[in-house]
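Here is a walk through one protein model, going from the overall build to strands, helices, surface patches and charged pairs. Keep the structure open alongside the text and look up the residues as they come.

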Amino acid sequence: MIQFSVVVPTLNESENIDLLLTRLFALKLTPGSFEVIFVDDGSSDGTTEKIREWPDNTYVHLIERQDKPDLTASILAGATAAKSNVIVVMDADLSHPTEQLSAIVTPVINGQYDVAVGSRYIAGGSTKNWPLHRQILSRVGGWLARPLCDVNDATSGYFAFRRELGKTISNHAHGYKILLELLMANQGKLRVTEIPICFHDRTHGTSKLSFAHQQAYVQRLIALAGGAVSLNTAGRFTLVGLFGVLIDALVFQWMINQNAGLALAHFMSFFVAATVNYTLNSKWAFREHHAGYLQWHQFGRFLTVAAFALLLRGGILALLVYVCHIPPPLAIFPAIFATAAVNYLGSAFYVFPSENNRPSLNIRWRVAAIGVVIFVLLLRFVYFGLAQLIPDEAYYWQYAQHMDLSFYDHPPMVAWLIWLGTSILGHNEFGVRIGALLCGLITMGYLYALTQNLYDKSSAMRAVLLLAILPLGFASGILMTPDAPLIAAWAATLYYMERALVAGRNTAWLGMGIAFGLGLLSKYTLGLLGIAALVFVIIDPTARRWMKRPHPYLAAILALVLFSPVIIWNAQNDWASFAFQSTRLLSDGYDFAVHNQMLYITILLTPVGFLAAAYALFSGKSQDEDEFQHRRRQFVQVFTGVPLLIFFTLSTFDLPKFHWTAPVWLAVLPTIAWMISQHPVSTMTKHLQAAWQPTIIICIFCYAFVLHYVVLGIPGIPYNLYTEHYFWRETTHEIEQIAQGVRHQTGQEPIIVGMSKWSVASALYFYKQKYVNLDIRSRNMFGDSGAMYDYWFPSQSPTNRPIIQIGMKPISLDQIRKGYEIKQMLIQPGAIEYRVIERHGRPVRRVYYRVSKGFGGAEFK
């Protein structure tokens with residue numbers, strides 16, 4: 001009885017036929033248990049004759065196709081003619097090891113799996129004697145397919161499957177990668193296993209792979225992902241795009257000549273070109289996929305893509321003009337071409353998606369995750385070096401200028417990252433923020449791995465999507481504050497804790513010790529995960545066994561060793577940092593602020609994310625929940641709930657900081673991501689699932705809008721929104737002019753005092769010109785707290801040198817605490833004055849200052 005059929009497509013393989021059949025029938029398999037079906041696509045070298053001449057044709061069959069050669073069609077023809085229900089596909093060129101045939105087909109025959117793949121890219125798999133360019137092409141092809149399917153070698157030509165699955169393959173399928181078609185047609189419904197094989201390059205004949213095959217593969221891959229892509233649409237889109245480039249450039253040049261300004265010129269030229277492009281694309285370029293008339297939902301999607309492209313283009317234009325110093329009339333061309341990909345892919349996948357080959361919801365979410373994450377990363381990469389530092393970042397840059405084992409108000413990791421970044425990239429925003437960019441990527445990687453371990457690959461991709469678009473993830477991925485390394489270490493610690501406590505991996509404790517130690521070097525908050533781990537070990541019987549093993553204790557010792565620089569610094573400085581962190585919550589008086597905490601969480605997660613997190617944490621046990629699902633739910637609830645409970649407890653008597661709970665939500669993001677694609681069990685979950693798409697769009701638009709606003713501005717919108725905390729480059733230039741005037745009048749070097757705890761002084765330090773020598777202090781000069789400025793500039797004796805106070809508001813120049821007059825410490829203080837700070841000819845903020853003839857000392861009254 002025939003148990004399986006081997007289908008071998010051929011095209012001019014005469015030199016390999018005899019050897020292939022000899023190897024197949026020499027296998028130690030039951031005689032008559034399989035048949036070999038050759039499907040020939042018009043060979044001209046005697047291949048068909050070789051097959052017919054085989055001595056025993058009982059189990060060898062030949063099908064000669066007359067249509068255009070196509071590997072997919074050949075395999076399907078062979079599967080249709082097969083006498084068994086299990087099909088094995090292999091090449092005729094002897095590249096696939098026949099000795100692995102039994103290992104590949106047995107799991108399918110036994111009913112354990114629906115598909116078994118001979119994989120080159122798992123442990124034990126390899127390729128031999130393959131040219132480097134072929135290895136690269138194979139790897140790239142596999143990587144391109146990996147986001148859409150869940151096997152490591154989706155381009156393998158050696159696999160077994162149940163014959164009825166062939167009927168699910170689309171009629172539009174063509175090309176040489178039928179395995180991908182099979183997997184995509186049954187996404188999420190198949191039991192798939194991979195068997196390691198050693199792939200050998202052919203020794204006889206020539207490869208049939210051509211550029212046309214590669215092009216067809218990429219085109220088909222995009223079509224399977226739901227994109228309306230074809231040679232016709234791509235060619236027409238290119239023509240429309242080139243016409244749009246011409247219009248864009250002409251309008252931009254005309255606006256620049258009219259002195260309209262960079263932002264207004266780029267906005268107007270884009271809108272004119274985008275209107276023309278949309279009309280031509282909808283009527284002509286993508287006409288084969290749609291009716292050819294305007295549809296409101298498509299127009300709304302077009303506006304969304306256009307807005308994203310416009311705001312990204314503004315950053316690219318600013319980068320070219322302000323950093324690369326390219327003239328605007330030339331810079332507009334690379335800016336246009338760089339964002340053309342956003343327009344094309346947005347049009348192909350979102351505005352005019354394929355209606356003939358609509359993928360499953362799961363695949364659409366995967367494609368959305370890829371597109372959104374790439375776009376968000378582009379936003380970060382383009383803008384992270386253009387946007388000026390916020391005062392917090394400038395303060396941590398000051399850390400790096402006074403390198404130490406630790407600091408008064410934070411551990412040293414942020415300083416170390418800034419020092420490393422500025423040492424490589426220089427004294428600029430790029431150097432300061434590169435650490436945040438890298439920490440964001442590390443967070444994404446660990447969150448992806450954690451979610452895949454808890455749920456599946458699709459949920460992992462959606463979790464990364466959520467991290468990219470939620471405020472808690474976007475801000476930490478672009479701003480260089482202690483939260484950037486903290487969130488990366490938090491994600492890493494969660495990953496290793498799950499591997500250790502849920503999966504029971506001994507080696508995970510090493511990673512957890514390292515991640516925990518690095519996290520404590522970032523921010524003390526990470527210690528809350530230690531409390532959560534202890535709670536989990538106590539309530540989970542399986543994890544409780546670790547209390548009797550040395551692994552967690554060794555991990556704790558390793559974390560303590562990594563944390564030792566902070567301990568040493570504190571020992572040398574009267575335990576100042578530990579005392580500050582432990583007493584500041586208790587020393588400021590009672591202030592009930594649970595409502596503030598709720599508001600901050602809603603902002604960090606968005607309202608939709610807040611409701612989804614609440615549902616994920618408080619949903620009860622399902623009826624069919626197995627042990628792993630129970631422990632998974634318990635892990636998420638404990639590692640989110642314990643830190644959150646501590647923060648809520650603190651907020652009952654003290655005002656929390658806006659960002660404190662940001663890393664806490666990393667533990668529940670996997671569950672939220674998993675819930676997005678689950679069948680809704682209630683009206684609430686249905687509405688939550690539907691609300692994610694507009695939430696994602698709104699979040700991305702807000703980030704892009706704000707970044708464009710602070711870098712280039714938005715035509716018609718003035719700079720008057722919290723700008724007293726920003727635009728310190730222009731403000732510092734104005735302060736330098738004031739200092740120069742005082743220096744000229746008095747003949748003495750003035751002392752410039754930033755009248756805030758640390759923000760004003762730090763921003764002035766960062767943005768002062770290298771050749772300008774300014775003596776800058778913080779408000780601790782007047783006896784108030786200055787955080788690390790108390791250590792860097794501990795005191796100032798009375799002096800007759802001029803004093804220039806700088807403040808964001810007038811009141812900051814007169815008093816620090818209620819009833820505590822600054823003027824009493826100054827010698828002949830002048831009146832409070834202000835200057836209007838301009839940027840590119842537009843007023844952006846005011847800065848307030850006062851000049852005094854001297855300083856009488858902190859005790860002078």
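The protein has 30 helices and 15 strands. Keep in mind that this is a predicted model. Its C-alpha trace spans about 115 × 75 × 55 Å along the principal axes. Of the 861 residues, 53% count as buried.

**Strands E10, E11 and E12**

Let's start with strand E10, which covers residues 751–754. Is it buried or exposed on its two faces? Both faces are covered: Ile751 and Val753 are buried on one side, and Ile752 and Gly754 are buried on the other.

E10 also has pairing partners. Strand E11, residues 775–778, runs parallel to E10 and is joined to it by four bridges. In that pairing, Ile752 has Ile776 of E11 as its bridge partner. Strand E12, residues 803–807, pairs with E10 as well, again in the parallel sense and over four bridges. Here Ile751 is the one to click on, with Ile803 of E12 as its bridge partner.

**A covered helix**

Next up is helix H6, residues 178–185. How many of its eight residues are buried? Seven of them are, so to speak, under cover, which leaves the helix mostly covered. The buried ones are Ile178, Leu179, Leu180, Glu181, Leu182, Leu183 and Met184. Note that a glutamate, Glu181, is in that buried set.

**Out on the surface**

Two surface patches are worth a look. The nonpolar one is made by Leu132, Ile136, Val140, Trp143, Leu144 and Val218, and has an area of about 580 Å². Which helix gives the largest share of this nonpolar patch? That would be H5, residues 132–145, with five residues. Ile136 is one of the patch residues and lies in H5. At 47% relative accessibility, Ile136 counts as partly exposed.

The other patch is negative, and it is formed by Glu15, Asp45, Glu49 and Glu53. Glu15 sits in helix H1, residues 14–25. With a relative accessible area of 52%, Glu15 is exposed, because the cut-off for that class is over 50%.

Leu239 is exposed too, with a relative accessible area of 52%. Its place is in helix H8, residues 231–257. For a sense of distance, try drawing a line from Leu239 to Glu734: their C-alpha atoms are separated by 49 Å, and the two residues are 495 apart along the chain.

**Salt bridges**

The structure holds 24 salt bridges. Three of the pairs are listed here.

| Acidic residue | Basic residue | N to O distance |
|---|---|---|
| Asp150 | Arg366 | 2.8 Å |
| Asp248 | Arg313 | 2.5 Å |
| Glu429 | Arg729 | 2.7 Å |

Take Asp150 and Arg366, whose side chains meet in a salt bridge. Why does this pair tie together parts that are 216 residues apart in sequence? Because Asp150 lies in the loop between H5 and strand E7 (159–162), while Arg366 lies in helix H12, residues 361–383. Asp150 is partly exposed, with a relative accessible area of 47%, whereas Arg366 counts as buried at 1% relative accessibility.

Then there is the salt bridge between the side chains of Asp248 and Arg313. Asp248 lies in helix H8 and Arg313 in helix H10 (residues 296–323), so this pair ties together parts 65 residues apart in sequence. Asp248 and Arg313 are both buried.

Glu429 and Arg729 also form a salt bridge. Where do the two residues of this pair lie? Glu429 is in helix H15 (residues 429–454) and Arg729 is in helix H27 (residues 728–746), so to link them is to link distant parts of the chain, 300 residues apart. Glu429 is buried, with a relative accessible area of 5%, while Arg729 counts as partly exposed at 34% relative accessibility.

Finally, there is a network to pick out. Asp114, Arg162, Glu164 and Arg191 are joined into one network by salt bridges that share partners.

How values were computed:
Residues numbered from 1 in each chain as written. Predicted model: local features only at pLDDT ≥ 70, side-chain atom pairs only at ≥ 80, totals over all residues. Heavy atoms only, no water. Buried < 20%, exposed > 50% of the residue type's maximum accessible area, 1.4 Å probe, protein only. Pairing = 2+ DSSP bridges. Patch = residues over 30% accessible without salt bridge, like charges linked within 9 Å, V, L, I, M, F, W, Y side chains within 5 Å. Areas by Shrake-Rupley, 256 points an atom, 1.4 Å probe, with all protein chains shown as cover. Salt bridge = Lys/Arg side-chain N within 4 Å of Asp/Glu carboxyl O. Lys, Arg positive; Asp, Glu negative; His and termini not counted. Charge placed at Lys NZ, Arg CZ, Asp CG, Glu CD.
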